[in-house]
Amino acid sequence: MADDGMLLNFSIPEAGLIEKVKFKGGKWKDRQTAKKSAEKWHNKATARLTGENPVSKKSTTNANHTEIGERKTTRQISPETWEAAKEHRGGERETKRARVDGEFKSSADFRPSSTVNATEGVKRTEERHGGPPPKQIISSLFTYNPTSITKELVKTDPKNETPVEPSNAPLDPKLETFTSLGISPALASHLLNKMDMKAPTAIQKAAVTQLLKEDSDAFIQAETGSGKTLAYLLPIVQRLMELSANMKKRKAEDGSGVHRDSGLFAIILAPTRELSKQIATVLDNILRCAHWLVAGTVIGGEKKKSEKARLRKGMNILVATPGRLADHLQHTEALDVSNVRWLVLDEGDRLMELGFEEEIQRIVGNLNLRMRATKNKIPGLPEKRTTVLCSATMKLDVERLGEISLKDAVHIRADPADKDRDAVNGEDRDQASFAPAQLKQTYAVVAPKLRLVSLVGFLKQAFRRKGSVMKAIVFISCADSVDFHFDLVTSRPEGEEVTSPKTETAEPEKKLEETSSETKPLEKKSKNSKVIQSDPTKLVVTHTESPILSPPTHTVTAYRLHGSLPQSLRTSTLAHFAKNKEASVLFATDVASRGLDLPNVDLVVEFDPAFARDDHLHRIGRTARAGRDGRACIFLMPGCEEGYVEILKNDRKDGESGVNIGRQDADEILKKGLQPAGQAIINGKKEYKTAYMDRATDLQLDFERWVLASPARLESARRAYQSHVRAYATHVAAERGYFDIKQLHLGHLAKAFALRERPSGMKVPGLRTGAGRESKSTRGKGGMPKDGHVNPNIPEEGAPGADEAAKMRKAVRSKEKFLRSAAADEFNLG
Ligand SMILES: Nc1ncnc2c1ncn2[C@@H]1O[C@H](COP(=O)(O)OP(=O)(O)OP(=O)(O)O)[C@@H](O)[C@H]1O
């Protein structure tokens with residue numbers, strides 16, 4: 001009705017108020033796109049005129065931040081939902097939550113097993129926490145994402161790429177042999193025939209020559225997978241074999257050579273039990289050609305009594321963890337170290353990182369003291385002890401370890417030219433360590449909202465062709481997040497049996513009261529409320545098949561590994577993963593990054609970038625070992641994180657050129673991983689080029705529903721998210737410019753954990769406790785870096801653009817508040 005009293009009375013034509021345009025000419029695809037957007041606009045405009053609900057007419061794929069109860073399984077919002085949303089925004093009636101049928105209509109790839117629908121899950125959460133469920137935010141995956149600032153560094157045609165010579169491979173057996181380094185023919189033929197080692201690697205050549213020639217201390221530095229273990233073991237075994245032969249010649253006491261009672265001659269210290277066991281296995285393999293030499297381990301994890309009994313029986317080479325050895329030195333009389341002439345500190349930087357400085361000081365002091373007190377010297381035994389420090393990377397704390405343990409040490413490197421090159425390249429690259437040259441590195445630029453689906457897409461693509469990727473390791477920043485991702489990818493389709501022959505379970509140890517399987521969802525210890533899942537029948541699953549990652553042709557097994565798992569489980573999981581000859585993927589924290597020699601790992605994914613460059617080098621070093629090929633991909637978020645490409649360039653000896661560093665973005669990953677090759681016909685329609693977006697959206701919604709369907713999963717997702725954010729704040733100061741916590745979009749990131757809640761309203765009862773990565777002194781309140789810098793892009797109050805700035809400041813403040821509230825405990829990285 002018009003203001004002047006005139007009454008307008010006309011009917012709406014059937015075709016609508018606004019005439020529809022016909023599109024002619026051009027490509028069919030362009031016409032379709034134009035038609036669709038015109039239709040959308042037409043519906044909206046008609047609805048505005050008629051006062052109808054526009055969304056009920058048309059799909060709302062791009063509806064951003066729809067604060068409503070729950071979305072239907074298809075991406076259309078029903079009239080009831082629309083009503084509910086209207087009421088939610090201040091309508092008169094009581095807010096209704098939209099119904100969800102819990103059915104997975106759209107994704108062929110992923111269907112959760114639970115028959116519990118999302119609304120019931122939320123209700124149960126509500127009962128548990130005694131309050132209304134938090135508002136749900138269902139945002140589109142493909143809108144409001146930050147834009148990337150990097151481009152492909154060097155676009156080379158793969159055909160024109162010159163093959164890169166492996167840098168950690170064994171040398172040419174025609175030119176170099178073990179015997180030419182001074183290794184006895186017996187030992188050399190054992191290496192060849194029983195261990196399939198024809199020639200030494202470059203670091204073995206340098207180290208064996210040096211350590212057989214002189215008794216001076218040494219620092220062995222070489223890239224990952226270059227054979228450092230044999231580089232220090234071979235000279236020790238060779239020298240002991242010579243000692244034994246000499247004793248036989250001299251007809252010592254009982255006329256025999258070295259045997260287990262002759263004394264302990266060498267100690268090898270490694271930072272973890274896993275590594276110690278690995279070294280002990282290599283040593284046992286070598287000693288098969290010198291069976292009179294006996295090796296043993298003291299690494300904890302078993303009763304000290306049995307370790308003492310072994311020490312009493314006698315051994316010539318001991319592999320130990322520092323804590324346990326220091327303990328035995330103090331309390332086990334049978335442990336006589338007066339004859340120890342070789343001390344090896346393997347993975348030196350990790351020994352320091354794990355805080356073994358004091359123990360190592362005690363051990364070195366003890367060895368010095370007992371050596372001086374020795375009266376009965378064995379003829380042929382060196383006068384002086386040789387200490388060898390080993391590391392793939394060189395950090396300040398390795399230098400400190402060197403100060404404690406080494407005297408006038410020789411620096412042994414694989415390529416003697418490295419020193420000269422360092423001198424030319426200046427301080428930054430001095431003593432730098434590099435990734436193996438043959439390793440192919442890529443980085444994936446993925447916005448926070450797209451991280452979860454992109455990871456799944458990436459892995460699906462990697463395992464698509466049988467035999468293309470045998471084993472992959474996905475590095476994740478913290479234990480909670482490992483658990484979440486493992487549980488998600490191992491969820492079973494509806495109605496399928498949970499128990500599978502590939503599922504390994506174990507009773508949890510006292511410290512870890514948790515369970516993680518589809519039927520027995522993740523429930524964890526609550527620190528504050530003591531709501532503890534202490535049912536001893538609950539089991540921990542560490543490996544099982546992953547339906548979502550398995551292509552139709554074969555099965556992919558998923559594993560998980562982190563420091564909060566009981567030692568026995570960690571060991572058996574690693575052993576199982578190492579032996580598995582089928583496609584498998586290990587989700588792990590940095591506990592799997594150092595020294596572990598897992599065969600046939602073709603791909604390393606750094607889903608969460610490492611806390612420091614050295615850790616990154618160790619992680620990617622799990623592949624491309626001993627001259628073999630390997631691939632590594634790091635996920636970076638658009639923006640400041642992309643600056644990390646500089647670090648990737650520095651991984652390479654060739655430096656700045658950036659050759660061999662490829663770039664991918666989320667669209668590319670999703671297209672390859674989720675969209676089948678060729679053009680498919682779905683529901684009678686030809687798939688169009690953005691089909692991957694629909695698939696990704698469906699997958700994301702499936703994940704979100706999976707999380708919502710059980711209170712335990714919801715809790716696990718929240719815990720993973722919060723631990724992840726706190727871990728993010730602990731990147732080393734030098735790299736915080738790339739990983740700036742203040743630039744992190746917490747809301748978007750929540751979507752990567754399949755959460756639909758605001759970060760500020762998230763409550764996690766009883767986060768897992770555990771040692772944080774950095775000491776308290778290096779972290780400020782709430783896990784924020786002490787030197788957390790202020791974003792220079794935010795103008796001061798009163799300055800131009802101050803309104804926007806005020807909003808940004810508010811966002812930053814609430815982010816900090818969230819971090820503080822979430823950081824009551826240390827996050828668990830182990
Ligand atoms: N001379 C050789 N010929 C063939 N293979 C070898 C040789 N030396 C070592 N290897 C193999 O190379 C792999 C890596 O060896 P090792 O674990 O000692 O490397 P590393 O330098 O200690 O690596 P990291 O720094 O990651 O600990 C092992 O599988 C080992 O069997």
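Q: What percentage of the 830 residues in the protein chain is buried?
A: The model is predicted, and its protein chain comprises 23 helices and 18 strands. A residue counts as buried when 20 or more other C-beta atoms lie within 10 Å of its own. By that criterion, the buried part of the 830 residues in the protein chain is 45%.

Q: Which helix gives the most residues to the shell around the ligand?
A: The ligand is surrounded by 19 residues, and the closest are Thr224, Gly227, Lys228, Thr229 and Ala626. By residue class, the shell divides into 7 nonpolar, 9 polar and 3 charged. One helix, spanning residues 228-249, gives the most to this shell, with 3 residues, and that helix is α6.

Q: Which domains each supply at least three residues to the shell around the ligand?
A: The domain assignment of the protein chain gives two segments of sequence for domain 2, 439-674 and 710-751, and one for domain 1, 204-413. The ligand shell draws at least three residues from each of domain 1 and domain 2.

Q: Which helix gives the most to the side of domain 1 that touches domain 2?
A: The domain assignment lists domain 1 (204-413) and domain 2 (439-674 + 710-751). Their contact takes 14 residues from domain 1 and 15 residues from domain 2. On the domain 1 side, α7 (273-287) and α10 (348-353) each supply at least two residues. The helix that gives the most there, with 4 residues, is α7.

Q: Are the residues of strand β2 that point in opposite directions buried or exposed?
A: In a regular strand the side chains alternate between the two faces of the sheet. In β2 (residues 266-269), Ala266 and Ile268 point one way, while Ile267 and Leu269 point the other way. For each of these four residues, the state is buried.

Q: Which residue of β5 stands opposite Leu269?
A: Strand β2 runs parallel to β4 (residues 317-320), to which 4 bridges join it, and within that pairing Ile267 has Leu318 as its bridge partner. Strand β2 also runs parallel to β5 (residues 342-345), again through 4 bridges. In β5, the residue opposite Leu269 is Leu345.

Q: Why does helix α8 lie largely in the open, and how many of its residues are buried?
A: Helix α8 covers residues 304-313, and just after this helix Gly314 takes a positive phi of about 100 degrees. The helix lies largely in the open because, of its 10 residues, the number buried is 1.

Conventions:
Residues are numbered from 1 along each chain as its sequence is written. This is a predicted model: local features need pLDDT of at least 70, side-chain atom pairs count only at pLDDT 80 or more; totals for chains, interfaces and linings use all residues. A residue is near a molecule or strand if its C-beta atom, placed from the backbone, lies within 6 Å of it. Ala, Val, Leu, Ile, Met, Phe, Trp, Tyr, Cys and Pro count as nonpolar, Asp, Glu, Lys and Arg as charged, and the others, Gly among them, as polar. Domain bounds come from an automatic or database domain assignment. A residue is buried if 20 or more other C-beta atoms lie within 10 Å of its own, exposed if 12 or fewer, and partly exposed in between; C-beta atoms are placed from the backbone. Two strands pair if DSSP finds at least two bridges between them. Two residues are in contact if their C-beta atoms, placed from the backbone, lie within 7 Å.
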